[in-house]
Amino acid sequence: MTRRLFFRLIPSLLALVLVGSVPTQAAAESRLIVRVNPLPLLDNLTIVQRACSLAGCTVLYGLDGSLRQLYLVSVPDTLNLQIVTSLLSAAPGIAAVEADRTVFTEAADATTTSVPPALLDKDPVPYYGTNVRGGYVHQPAFGILGLAEAHDRYNATGRGITVAVIDTGVDPTHPVLSPVLLPGYDFTRNRDGGSERDDVNQSTMTVLDQSQPGWVNQSTMAVLDQSTMAVLDGPEFRAFGHGTIVAGVIHLAAPRANILPLKAFRADGSGTLSDVLRALYRASFDGAKVINMSFSFDAPSKELENAINYATGKGVVAVASTGNDGMKINVYPASYSTVMGVASTTNWDTLSSFSNYGTGVAWIAAPGEAIISTYPMGTYAAAWGTSFSTPFASGTAAMLAEMASISNKQAADAEG
């Protein structure tokens with residue numbers, strides 16, 4: 001469609017937008033992800049702003065940092081979203097339009113009601129500059145993966161490598177993690193940090209102690225040293241601690257790697273596709289060599305694939321979980337060709353009953369049952385799920401990257 005024809009059609013298209021709209025008492029918004037195809041003599045932001053002025057949307061902000069090719073726009077619910085999408089898609093300089101949507105990080109899998117013995121091992125052990133619980137380094141997964149040999153015999157610890165963790169955030173005050181955490185970002189609040197502690201209030205943060213093991217909540221079934229169960233037992237905390245657990249597993253595998261916390265999910269596990277995209281581009285620009293994505297979506301996204309391809313094109317190793325449905329299915333981003341999908345295995349080196357599997361989604365597998373790791377407020381937890389096998393692969397990739405420049409396929413071949 002030429003620019004002249006498009007502008008001639010604007011009155012008719014706008015009429016369709018208004019006719020197809022349904023007025024609401026309290027107008028809300030839908031959001032669209034818009035990719036620009038640059039035009040001569042116009043900067044990309046201006047292209048999107050002009051298209052939105054005609055289609056009835058509002059430009060919120062860019063999603064891809066200094067690339068300035070991807071923007072998030074809002075559409076009032078008083079307009080027909082499908083027609084606005086068509087208007088934008090036909091506008092000069094617009095290459096693609098995709099709906100933003102709510103996405104979720106993975107809940108841990110509820111497969112047990114017993115406390116793993118390693119969680120009860122509280123004897124302090126020195127571990128690369130900090131004291132950790134004995135159960136953290138004596139857990140079965142540590143031996144299965146040969147991490148002690150990798151650290152001691154080959155001196156592979158991930159030194160100088162940055163691993164980005166796109167998740168619910170990380171507790172920056174945890175004594176085990178604080179020495180290796182980089183300044184991150186909280187995309188759910190649009191501010192510096194990336195702390196998961198911001199999702200709970202002061203009264204909630206003071207209840208955690210180390211008196212006895214118990215369940216964090218029945219939806220995640222992660223075991224925690226906590227005396228007051230009810231405080232965190234609710235859907236609003238379904239995924240609280242997820243990112244700190246993931247970061248702790250990466251640190252266990254690659255104890256000298258730097259961890260970049262990029263908070264794209266809230267404590268209930270919800271986030272937006274647009275925030276995940278922002279986190280991916282931010283990881284690329286901030287020098288991450290490995291990106292850990294302990295989440296899986298049931299539907300593909302072209303812009304998610306674009307963001308991952310951009311990162312891996314710069315030499316980043318992208319790692320994602322296969323999901324906990326126990327099925328041979330494709331999930332995303334693990335099923336993209338440039339992503340290392342990680343399934344979960346038992347401590348007997350068999351596929352976990354909850355783990356998704358198949359060549360279309362899983363490149364490799366790693367232990368993902370009763371994994372002992374760090375948890376907010378200086379505590380420890382155990383959890384089950386491909387979310388926690390994935391960071392073992394990310395940590396291993398960081399160790400390999402310390403020794404040589406590697407691609408996703410090379411990392412997978414080495415870990416396999």
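How many nonpolar, polar and charged residues does the lining of the second largest pocket have? The legends below begin with that pocket and then turn to single residues and to the nonpolar cores, and the model in every view is a predicted one.

**View 1. The second largest pocket and its lining.** The second largest pocket has a volume of about 220 Å³, and its lining has 4 nonpolar, 3 polar and 4 charged residues. Among the residues that line this pocket are Arg101, Thr102, Val103, Phe104 and Glu106, and further along the chain Ser296, Phe297, Asp298, Asn324, Asp325 and Val331 also line the pocket.

**View 2. His242 in helix α8.** His242 lies in helix α8, which covers residues 242-253. With a relative accessible area of 5%, His242 counts as buried, because buried means under 20%. The side chain of His242 makes a polar contact with the side chain of Asp167 at 2.7 Å. Not counting residues up to four places away in sequence, His242 touches Thr105, Glu106, Asp167, Thr168, Glu196, Ser294, Ser387 and Phe388.

**View 3. Tyr375 in strand β19.** Tyr375 is part of strand β19, made up of residues 371-375, and Tyr375 is buried, with a relative accessible area of 1%. The side chain of Tyr375 reaches the backbone oxygen of Phe240 at 3.3 Å. Although Tyr375 and Gly241 are 134 residues apart in sequence, they are 5.7 Å apart in space, taken from C-alpha to C-alpha.

**View 4. Ser355 in a loop between two strands.** Ser355 is found in the loop that runs between β17 (339-345) and β18 (364-367), and Ser355 is buried, with a relative accessible area of 1%. Its side chain reaches the backbone nitrogen of Ser344 at 3.0 Å. When residues up to four places away in sequence are not counted, Ser355 touches Thr322, Gly323, Gly326, Met327, Ala343, Ser344 and Thr386.

**View 5. Val132 and the nonpolar cores.** The largest nonpolar core has 62 residues, and of these Val132, Tyr136, Leu252 and Phe392 touch the most other members. Leaving aside neighbours within four places in sequence, Val132 is in contact with Asp123, Pro124, Val125, Tyr127, Val137, Val176 and Tyr380. A second core, separate from the largest one, has 38 residues, including Leu262, Leu277, Tyr281 and Val361.

Terms used:
Residues are numbered from 1 along each chain as its sequence is written. This is a predicted model: local features need pLDDT of at least 70, side-chain atom pairs count only at pLDDT 80 or more; totals for chains, interfaces and linings use all residues. Side-chain values use heavy atoms; hydrogens and water are left out. On a 1 Å grid over the protein atoms alone, a cavity is a set of points where a 1.4 Å probe fits but cannot get out, and a pocket is an open set with protein on both sides within 12 Å along at least five of seven lines; lining residues have an atom within 4 Å of a point. Grid points are joined across faces, edges and corners, and a volume is the space filled by probe spheres set on the points. Ala, Val, Leu, Ile, Met, Phe, Trp, Tyr, Cys and Pro count as nonpolar, Asp, Glu, Lys and Arg as charged, and the others, Gly among them, as polar. Helices (H or I, at least four residues) and strands (E, at least two) are DSSP runs, numbered from the N terminus. Buried means under 20% relative accessible area, exposed over 50%, partly exposed in between (1.4 Å probe, protein chains only). A polar contact is a pair of N or O atoms within 3.5 Å; within protein, one must be able to donate a hydrogen and the other to accept it, and residues adjacent in sequence count only if both atoms are side-chain atoms. Contact means heavy atoms within 4.5 Å. A nonpolar core is a set of buried Ala, Val, Leu, Ile, Met, Phe, Trp, Tyr and Cys residues joined through side-chain atoms within 4.5 Å.
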